[in-house]
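Me: I've got a model open and want to know what the labels people put on it really rest on. Can we go through them one at a time?

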Amino acid sequence: RGDTIGVFQVESAAQLQTITRLKPRNLVDMAIEVALVRPGVGATHSTHAYLRRRAGREPVTYDHPLERRALERTLGAIVFQDQVNQLAIDVAGFTSAEADQMRRAFGRRNSQGLIEAYWQKFRAGAMAKGVPEEVAGKIFGKFNGQYMFPESHAYAFGITAYQAAWLKCHYPLEFYVSIFNQQPMGFYNLETLKEDARRHEVVVLNPDINASREKCTIEKDCLRLGLLNVDVVGEVGARQVVGEREERGLYRSIADVVQRTGLLREALENLADAGAFDALGPDRRAARWEIGLRYRPPNQQLGLPLSVSQDIPSLPGLTPWEKIVGEYRTLVLYPNGHLMAHLRQHLGEDIIPSSTVSKMEDGARVKAAGLVVRRQRPYTASGVVFLTLEDEFGHVPVVVWPKVYAEYRGVIKEPVLLVQGLLSRRDGTMNVVAQRIEAIRAGFRTPQSKDWG
């Protein structure tokens, strides 16, 4: 299904679309799948050729029978580095060392003269084996300097991807706790990982001053965020909170936290905005006010532990929107929902959620909005830009052709976008081909997208 967010090696948008087309059934398929999404494979259009041939929509062909030994297992397409070497050996009579030296030459800078020399040698060797010059040139033209996986590397990565996918399928809670604790890594920010966890029935709990440890933990079949997830607290502060709690017992009040932990004011206020003091008193605005009254900068005279309740006015509780803003600012995620669920009420009824987009027919007109979780402009994509929009239901992949990108290149940098375009379906994959792009102003710091190219 392409349900591989967080899974090693196969979570990128390109991998998601490739894996749903290939549908790997065994570890050989997994090795080929991870190798297909490499620049060197894409540069020769081998990715699409392999997928078409595997689906039975294109016959398996060879430019010469001497290619068969090297390429038969990948349906006539070059997928691995090793196949380049084997082609040079089988087609042109290179030794193993000469074949590998030729392959490396393609990746060097200013190597045109060297490559020309290898072409002369390749042509002569191929013609000596009865390969016509035109065919030899066509085979040599498949070689390039872009990166490809060695076959052994692809198998190692394929096995690791399978193991990670198995964990996600059978032990989702443990999987997400582990992934959360290894950030930053992979293609997605914590908000996207949290949303994926929620879709797998994993509940994410706010940090708690009396329940959280430094890192994320499992608590009653839920994922409890750690103190390190709160901005500014840091490793020293988190250890201080946990160590003091283990030595002298639970914190009984905000005054207790301020006096016993020695945290800086900004860290204390961020803990309040992240919901870490909710069990001590659910009013986060009042908590921040009390922190301001009780906090004393380091190296100043200690304050007397006097009551400050008389100095706390009757304050209005935080609105749901203010809570969202505070949690995104301090945690870079919103544990109880998604930004788009709250923005949607201010958008037009014609702006449809991702869950509806996924059911629409090819060629349908689409108007969708979401938080941008990735922007990608691959070297081999001829200027095409790929976006992924995230809303409260899932993802909408977007393709932006160069002409449209040129028109909206300033807007595309904004964190929340509204995209209008046409739905394109091919081989089980789905994309919205953008025609018009607008920015939606969230008004606060949103999770950062992962951008490449």
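Me: Where is Thr192 found, and what makes it count as buried?

Reply: Thr192 sits in helix H12 of this predicted model. Buried means under 20% relative accessible area. Thr192 comes out at 0%, so it counts as buried.

Me: Which residues is Thr192 in contact with, leaving aside its neighbours within four places in sequence?

Reply: Ile5, Val373, Glu390 and His395 are in contact with Thr192, once those neighbours are left aside. The cut-off for a contact is heavy atoms within 4.5 Å.

Me: And Glu195, why is that called buried?

Reply: Its relative accessible area is 0%, and the cut-off is under 20%, so Glu195 is buried. Glu195 also has its place in helix H12, which covers residues 190-199. Not counting residues up to four places away in sequence, Glu195 touches Gly337, His338, Glu390, Asp391 and Glu392. The C-alpha atoms of Glu195 and Asn336 are separated by 9.6 Å, with the two residues 141 apart along the chain.

Me: Arg344: buried or exposed, and how do you know?

Reply: Buried. Arg344 has a relative accessible area of 18%, and under 20% is what the word asks for, so the label applies. As for its place, Arg344 is in the loop between helix H18 (339-343) and helix H19 (354-357). Beyond its neighbours within four places in sequence, Arg344 is in contact with Ile351, Ile352, Pro353, Asp391 and Glu392.

Me: Helices next. What makes H6 oblique to H7?

Reply: The axes of H6 (residues 81-92) and H7 (residues 96-106) come within 8 Å and cross at roughly 125°. An angle over 145 would be roughly antiparallel and 65 to 115 roughly perpendicular; roughly 125° falls in neither range, nor under 35, so H6 is oblique to H7. The crossing of this pair is right-handed.

Me: Which residues of H6 and H7 make the contact, and how do they divide into nonpolar, polar and charged?

Reply: H6 brings Gln81, Val84, Asn85, Ala88 and Ile89, while H7 brings Ser96, Ala99, Asp100, Met102 and Arg103. By class, that contact has five nonpolar, three polar and two charged residues. Asp and Arg are on the charged list, so Asp100 and Arg103 go there.

Me: How do H2 and H4 cross?

Reply: The axes of H2 (residues 27-36) and H4 (residues 46-54) cross at roughly 145° and come within 10 Å. H2 makes the contact through Asp29, Ile32 and Leu36, and H4 through Ser46, Thr47, Tyr50, Leu51 and Arg54. Four of the residues in this contact are nonpolar, two polar and two charged.

Me: On to strands. Why are E1 and E2 said to stand at the edges of their sheet?

Reply: Three strands form this open sheet, in the order E1-E3-E2, with mixed pairing. E1 (204-205) and E2 (217-219) each have a single partner strand, so one side of each is left without a neighbour in the sheet. That's what puts them at the edges.

Me: How do you know that E1 and E3 pair?

Reply: Two strands pair if there are at least two bridges between them. Two bridges join E1 to E3 (residues 222-224), so the pair meets the cut-off. The two strands run parallel. Leu205 has Arg224 in E3 as its bridge partner. Helix H11 (residues 172-180) packs on the sheet, touching E2 and E3, and its direction makes about 15° with that of E3.

Me: What makes E6 and E7 partners of E8?

Reply: Bridges again. E6 (residues 395-400) is joined to E8 (residues 429-439) by two bridges, and these strands run parallel. Val399 stands opposite Val433 in E8. E7 (residues 416-426) pairs with E8 in the antiparallel sense over 10 bridges. Here Gln420 stands opposite Arg436.

Me: In the hairpin of E7 and E8, which residue takes a positive phi?

Reply: Asp427, with phi near 55°; the hairpin has two residues between the strands.

Me: Last one: how much of the chain counts as buried?

Reply: Of its 453 residues, 49% do.

How values were computed: Residues numbered from 1 in each chain as written. Predicted model: local features only at pLDDT ≥ 70, side-chain atom pairs only at ≥ 80, totals over all residues. Heavy atoms only, no water. Axes fitted to C-alpha atoms, helices over the stretch in contact; angles between N-to-C directions. Helix = DSSP H or I, 4+ residues; strand = E, 2+ residues; numbered from the N terminus. Left-handed = near helix turned anticlockwise from the far one by under 90°. Buried < 20%, exposed > 50% of the residue type's maximum accessible area, 1.4 Å probe, protein only.
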